[in-house]
Structures are given as structure tokens and as C-alpha cells.
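Biologist: Hi! Could you pull up the model and walk me through it?

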Amino acid sequence: MAGKKGKNNKGVVAGIIVFIAILVIGAVIFLWIMNTPGYINIDKAVENYFTAVTNEDTSLYKKTCYTSKWQKEYNKGQSEMSLDEQIANAFTYQSGATYSDVKVVSVEKLDKSISETMHDKVSSRYGANIKVSQVKKVNFTVNMVFDGENSSSGTLTRYCYKSGGKWFFLGDPDIIVDLGIEN
């Protein structure tokens with residue numbers, strides 16, 4: 001009888017250790033998701049881009065559009081503006097509008113060559129050597145209020161890229177032009 005009780009105690013201790021290990025791993029994953037730029041899904045990247053523009057929130061804009069590495073290495077290339085100047089410039093084109101009710105309608109994976117080209121263009125233009133695993137064309141709708149007038153966007157098309165397992169809104173107009181994906 002005493003031998004069986006010792007085996008049961010060992011099983012309980014092992015179970016507790018496994019449970020604690022799972023909790024620690026889960027906490028690490030949660031902290032990684034919350035504290036690094038980018039999003040697990042495209043919908044959140046698109047939604048947060050418009051939230052950042054509405055609120056002129058530079059920090060959220062960076063988290064939504066630029067990987068940590070791209071942010072750190074932004075000025076090592078040929079860019080004439082700093083990252084903050086580039087974002088301020090983007091805000092001036094969309095200033096005063098309030099965006100809401102962003103809904104992704106469809107997503108289309110672009111050819112792998114676009115991902116490779118994006119890597120090359122970001123590297124040469126900004127000096128940031130980021131890995132881009134995918135670029136997707138995203139069609140969505142968004143409501144806008146400008147000067148007190150409400151309007152619906154109809155369906156808009158923009159792009160998101162995946163780097164480091166997370167999705168980012170491709171908000172850099174120079175890279176979009178470099179990729180030749182706009183008609």
C-alpha cells in the first residue's frame with residue numbers, strides 16, 4: 001500500500017510541474033503577442049491602422065505598420081525623412097477624418113516574388129533587413145466622418161505583409177510604389 005501512495009504522489013507532482021510549465025509558456029506567448037509590433041490576424045492590422053490615423057497615434061501607427069527591426073533600422077538606408085517625419089507626413093494627408101466600422105471583405109495572397117521584392121526594397125530604401133513571408137491584398141470597407149459629413153468608402157484595397165509570424169498594414173507609400181502593386 002505504501003508503494004502505491006508514493007507512485008500517486010509522484011504522478012501528482014509531475015502533473016503540477018507540467019501544468020505550471022504550460023502556464024509559463026502561455027504567459028510568455030501572451031506577452032510576446034502583446035508587446036511586439038504586428039497582429040495575429042489581418043483584420044486587426046487594418047482596423048488599427050485606421051484607429052492610429054483617426055487619433056494621429058504615432059506609437060500605434062508604428063506598431064501597426066513597421067516591425068521592430070524596421071523601426072530600429074529605418075534611417076540606415078536612403079530615406080530622406082526619419083520614421084516619425086514619415087508618419088507625420090502620412091497623417092497630414094488624412095488629418096481631420098474619423099474612421100470607423102472597418103470590415104475586411106476579402107483577402108488575396110500575392111505571389112511570393114512580391115514578398116521577396118518587398119524585402120529587397122525595404123533593405124535598399126531604409127536599410128532594414130526584414131524577412132517578409134507573405135504579402136496579401138486586402139479589400140475592406142470603412143466609414144468616414146470628415147467635416148461633419150458621414151460617408152461609406154465602398155470597397156477599398158490595401159496591402160498587408162507578414163513578418164515574424166505577425167501581420168502589418170503596408171502603410172509606407174514608397175514601398176507600395178516600389179512593389180508596383182498599385183494600378
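Modeller: Happy to; we can take the overall layout and then some local details.

Modeller: One thing up front: this is a predicted model.

Biologist: Good to know. How many helices and strands does the chain have?

Modeller: There are 7 helices and 5 strands. Starting at the N terminus, the order is α-α-α-α-α-β-α-β-β-β-β-α.

Biologist: And what share of the chain is buried?

Modeller: Of the 183 residues, 32% are buried.

Biologist: Let's go to the surface. Which residues form a nonpolar patch there?

Modeller: That patch is made of Val12, Ile16, Phe19, Ile20, Leu23 and Val24, and together they have about 570 Å² of accessible area.

Biologist: Where does Val24 sit?

Modeller: Val24 belongs to helix H1, which covers residues 2–35. Its relative accessibility is 48%, so Val24 counts as partly exposed.

Biologist: Switching to cysteines. How many disulfides are there?

Modeller: The count is 0.

Biologist: Why is Cys65 not bonded to Cys160?

Modeller: Because their sulfurs are 8.7 Å apart, which is too far for a bond. A disulfide would need the two sulfur atoms within 2.5 Å. Cys160 is the cysteine whose sulfur is closest to that of Cys65, and the reverse holds for Cys160 as well.

Biologist: Are those two buried or exposed?

Modeller: Cys65 is buried at 2% relative accessibility, and Cys160 is buried at 0%.

Biologist: Now aromatics, my favourite. How many pairs does the structure hold?

Modeller: It holds 13 aromatic pairs. In one of them, Tyr66 and Tyr74 have ring centres 6.1 Å apart and planes at 85°, so this pair is edge-to-face.

Biologist: Why do you quote two values for a pair?

Modeller: Because a pair of aromatic rings is described by the distance of the centres and the angle of the planes.

Biologist: Fair enough. Are Tyr66 and Tyr74 buried or exposed?

Modeller: Tyr66 is buried, with a relative accessible area of 1%. Tyr74 is buried too, at 1% relative accessibility.

Biologist: What else does Tyr74 pair with?

Modeller: Tyr74 also forms a stacked pair with Tyr126, with 4.4 Å from centre to centre and 20° between the planes. This pair links distant parts of the chain, as the two residues are 52 residues apart. Tyr74 lies in the loop between helix H4 (68–73) and helix H5 (83–94), while Tyr126 is in helix H6 (residues 112–126).

Biologist: Is Tyr126 buried or exposed?

Modeller: Tyr126 is buried, and its relative accessible area is 1%.

Biologist: Which residues make up the aromatic cluster?

Modeller: Tyr49, Phe50, Tyr61, Phe91, Tyr99, Phe140 and Phe169 form one cluster.

Biologist: I see Phe169 in that list. Which way does Phe169 point from strand S5?

Modeller: Strand S5 spans residues 166–169, and Phe169 points the same way as Trp167. Lys166 and Phe168 point the other way, and all four of these residues are buried.

Biologist: Even the lysine, nice. How does S5 pair with S4?

Modeller: Strand S4 (residues 156–163) and S5 are antiparallel, joined over 4 bridges. At one spot, Tyr161 has Phe168 in S5 as its bridge partner.

Biologist: What lies between the two strands?

Modeller: There are 2 residues between them, and the strands form a hairpin. Gly164 is in the turn and has a positive phi of about 65°.

Biologist: A glycine there doesn't catch my eye. Which residues other than glycine have a positive phi?

Modeller: Among them are Glu56, with phi of about 45°, and Asp101, with phi near 50°. They are worth pointing out because most residues other than glycine have a negative phi.

Biologist: Where is each one?

Modeller: Glu56 is in the loop between H2 and helix H3 (58–65). Asp101 is in strand S1, residues 98–109. Glu56 counts as partly exposed because its relative accessibility is 40%, and Asp101 is partly exposed at 46%.

Biologist: Last one: how far is Asp101 from Glu47?

Modeller: They are 54 residues apart in sequence, with 8.3 Å between their C-alpha atoms. Glu47 is in helix H2 (residues 42–55) and is partly exposed at 35% relative accessibility.

Biologist: Great, thanks for the tour!

Notes:
Residues are numbered from 1 along each chain as its sequence is written. This is a predicted model: local features need pLDDT of at least 70, side-chain atom pairs count only at pLDDT 80 or more; totals for chains, interfaces and linings use all residues. Side-chain values use heavy atoms; hydrogens and water are left out. Patches are made of residues with over 30% relative accessible area and no salt bridge: like charges are joined within 9 Å, nonpolar side chains (Val, Leu, Ile, Met, Phe, Trp, Tyr) within 5 Å. Accessible areas come from the Shrake-Rupley method with a 1.4 Å probe; for residues, only the protein chains shown count as cover. A salt bridge is a side-chain nitrogen of Lys or Arg within 4 Å of a carboxyl oxygen of Asp or Glu. Buried means under 20% relative accessible area, exposed over 50%, partly exposed in between (1.4 Å probe, protein chains only). Rings of Phe, Tyr and Trp (its six-membered ring) pair if their centres lie within 6.5 Å; planes under 30 degrees apart count as stacked, over 60 as edge-to-face and the rest as tilted. Two strands pair if DSSP finds at least two bridges between them.
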